[in-house]
Every structure is written in C-alpha cells, then in structure tokens.
Amino acid sequence: MKTITCLPSILPCHVDTIRGKIANLRDLGFVDPVKMITSTPSILSYAVNSIRGKIANLRDLGFADPVKMITSTPSILSYAVNSIRGKIANLRDLGFADPVKMITTLPAILCYAVENIRTKIIGLRDLGFSDPVR
C-alpha cells in the first residue's frame, strides 16, 4: 500500500516488469531491492542504466562502495553527479580533510545544505569546541 501511495504510477506496471527491476537491482549488487523500493518507491521509476551510471560516477568520485551508500540512503540516486562533486568541494572548503570518507561513513550528509553545516561548525566553536571540524 505504501509503495502504491508514494508512487501511484506503479499501478499500470505489470508484475513481471517490477520483478525484472528487482532482478536488475540484485544484478547491480543490491542485496535487498524490495526493502529499498519499499523505503524509496521512486527507485522503480529509474532506468537500470541510469542506476548503473550513478554507481560508476560515484566510483569515479572516489567512493569505494557506492552500492552500500545507495542502500543506506537511496535518495542518492536522485542527486546529480555535479551536485555531489560540489558537495565534496564545499566540505573541503569548510576544512574537512577527507569529505569522501565522511560521506561514505554517513551518506545522509549529501542531504545537508552547506550553510547548515557551516552554521553547526560555528555553533560548536561558540560552545567551546577547539576543532569542530575534527
């Protein structure tokens, strides 16, 4: 019900089409595609080649295990590669030595606005933290 509510366009899809999408996701390395689709139904609307391309782009940006990242934060599939590249650059500008490692540890960082991160750093300094970036 949740999947249909979030993605009503699934209704005209044939079950075999959805089954094929699940199989394709497994072939790309996703262990539990049904769980991913349940949490983020829009995954069904992405072309397999688009997902494959996103995985390759994430690897090119330095992420060792993009499948694991996407599994934990499926919304990454909706982010433009240039946006992710920009986020990495912005995190470096804020003083983070290894933004790729940081994003790998907590992929949801990609969801945060740079200004919010900057504000957190300032707030932590104001509270007495000598090196909030660390």
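This short report looks at helix 2 and at a salt bridge in helix 8 of a predicted model.

## Reading the model

Residues are numbered from 1 along each chain as its sequence is written. As the model is predicted, local features need pLDDT of at least 70 and side-chain atom pairs count only at pLDDT 80 or more, while totals for chains, interfaces and linings use all residues, and side-chain values use heavy atoms, leaving out hydrogens and water.

## Helix 2 and its two faces

Let's start with helix 2, which covers residues 15-27. (Helices are DSSP runs of H or I with at least four residues, numbered from the N terminus.) Its end C-alpha atoms are 18 Å apart, which agrees with the 18 Å expected for 13 residues, where the expected span is 1.5 Å times one less than the number of residues.

Which residues of helix 2 are buried? They are K21, I22 and L25, where buried means under 20% relative accessible area, exposed over 50% and partly exposed in between (1.4 Å probe, protein chains only). These residues cover an arc of only 100° around the axis, so they sit on the same side of helix 2; the arc is that of the directions from the helix axis to the C-beta atoms. The face turned away from this buried side carries the exposed residues R19 and D27. After helix 2 comes G29, with a positive phi near 110°.

## A salt bridge in helix 8

Side chains of opposite charge can pair when their charged atoms come close. Here E115 forms a salt bridge with R118, and their closest N and O atoms are 3.1 Å apart. (A salt bridge is a side-chain nitrogen of Lys or Arg within 4 Å of a carboxyl oxygen of Asp or Glu.) Both residues lie in helix 8 (residues 114-126), 3 residues apart, about one turn of the helix. E115 is partly exposed at 47% relative accessible area, and R118 is partly exposed at 35%.
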